[in-house]
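Student: I should like to take a close look at a single part of this structure and to see how that part fits into the whole. Please set out the account in one connected answer.

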Amino acid sequence: MNPFDELSIEAAVRMREASTPGPKKSSLPSPTVADILALSAGPAKCVDVLRTAMAMGADRAIHVEIDPHAGGGEGGAEGEQGELEPLGVAKLLAQVVRAEGRNMVILGKQSIDDDSNQTGQMLAGLLGWGQATQAAEIHFEEDGSGSWKVRVAKEVDGGTETVRAPLPVVVTTDLRLNEPRYASLPNIMKAKKKTLEKKALADYGVDGGRRLRVVKVEEPPPRKGGGKVEDVDGMIAKLKELGAI
């Protein structure tokens, strides 16, 4: 499983634990979590990922079956169907959210193959929801009228930025958010009995055709080897020779 998605599952499970009476109930306010749904779109091996998610605490899962080689792989021509691009994933998630009546989506900030870091933002745009990306902390606040707001501390270049948004909301996770639990053997066995639905893109009316084509991939030019100098004066002379000072 993508490590960012592991953080997302752990965050959802902790939210439920925080709102449920018991030793892990938090003193901080938290809305009731009725259902945790895990979703993956891809080949048959995605089932293993979804079983892991359910062993970690997700209640059920949906596997949208896609053949990654149907469109010639990652460099397939435009219009062909293969691995979903970020926009295709966002459109699929939007349809699932509408069909399932969700009010919060937590997902990894990026995949670990193409590192696009686009799906969460596109999903929020398609749904017209607020978004909080690169979450390092997630807290809830009740406004007194029964409505909930999410306060998220975000990882940014200069440190941490805190944003607040009402539900519904899309949150993408970053590495400092939590430490995912290991799935215990009893929970792995229980996960085998949880519901895992098989779906197709057509069930959600989503076109998985590619809009981008990889034209060329090339390595950067090799770097020139460095040189050694005997002392500080030699270094200064070399820097002057190179025009650096």
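Tutor: The account below centres on helix α2 and then turns to other sites of the chain.

The model is predicted. Its protein chain holds six helices and eight strands, and these follow one another along the sequence as α-β-α-β-α-β-α-β-β-β-β-α-β-α. The radius of gyration is 23 Å, well over the 18 Å that the globule rule gives for 245 residues, so the chain is more spread out than a compact globule. Along the principal axes, the C-alpha trace spans about 70 × 50 × 40 Å.

Helix α2 covers residues 46-56. Its buried residues are Cys46, Val47, Leu50, Ala53, Met54, Ala55 and Met56. In an α-helix there are 3.6 residues a turn, so residues three or four places apart point the same way. The partners of this helix come from several parts of the sequence. The buried residues of α2 pack against two helices, α1 (3-19) and α5 (185-191), and against three strands, β1 (37-42), β2 (60-65) and β8 (196-199). After α2 comes Gly57, which has a positive phi, near 145 degrees.

The contacts of the whole chain give a setting for this packing. Of the contacts with a separation of 6 or more, 66% are between residues 24 or more positions apart. Buried residues make up 37% of the 245 residues. The accessible surface comes to about 14,700 Å², and carbon and sulfur atoms account for 51% of that area. As for charge, the chain carries 32 positive and 36 negative charges, whose mean positions are 4 Å apart.

Strand β8, one of the partners of α2, leads on to another site. Ala200 lies in the loop between β8 and α6 (232-242). With a relative accessible area of 30%, Ala200 is partly exposed, because buried would require a value under 20% and exposed a value over 50%. Ala200 and Ile236 are 36 residues apart in sequence, and their C-alpha atoms are 65 Å apart in space.

Helix α1, another partner of α2, is preceded by a segment that contains Asn2. Asn2 has a relative accessibility of 12% and therefore counts as buried. Beyond its neighbours within four places in sequence, Asn2 is in contact with Gln110, Ser111 and Ile112.

Leu107 belongs to strand β3 (residues 104-108). Its relative accessible area is 11%, so Leu107 is buried. Neighbours within four places aside, the contacts of Leu107 include Asp5 and Ser8, as well as Leu93, Thr119 and Gly120. Leu107 is also in contact with Val170, Val171, Thr172 and Thr173. Between the C-alpha atoms of Leu107 and Thr119, which are 12 residues apart along the chain, the separation is 8.8 Å.

Finally, the structure holds one aromatic pair. It is formed by Phe140 and Trp148 in an edge-to-face arrangement, with 6.4 Å centre to centre and 90 degrees between the planes. Both rings belong to residues that count as buried: Phe140 because its relative accessibility is 8%, and Trp148 because its value is 18%.

Conventions: Residues are numbered from 1 along each chain as its sequence is written. This is a predicted model: local features need pLDDT of at least 70, side-chain atom pairs count only at pLDDT 80 or more; totals for chains, interfaces and linings use all residues. Side-chain values use heavy atoms; hydrogens and water are left out. Helices (H or I, at least four residues) and strands (E, at least two) are DSSP runs, numbered from the N terminus. The radius of gyration is taken over C-alpha atoms; the globule rule is 2.2 Å times the number of residues to the power 0.38. Buried means under 20% relative accessible area, exposed over 50%, partly exposed in between (1.4 Å probe, protein chains only). Contact means heavy atoms within 4.5 Å. Accessible areas come from the Shrake-Rupley method with a 1.4 Å probe; for residues, only the protein chains shown count as cover. Lys and Arg count as positive and Asp and Glu as negative; His and the chain ends are not counted. The place of a charge is taken as NZ of Lys, CZ of Arg, CG of Asp or CD of Glu. Rings of Phe, Tyr and Trp (its six-membered ring) pair if their centres lie within 6.5 Å; planes under 30 degrees apart count as stacked, over 60 as edge-to-face and the rest as tilted.
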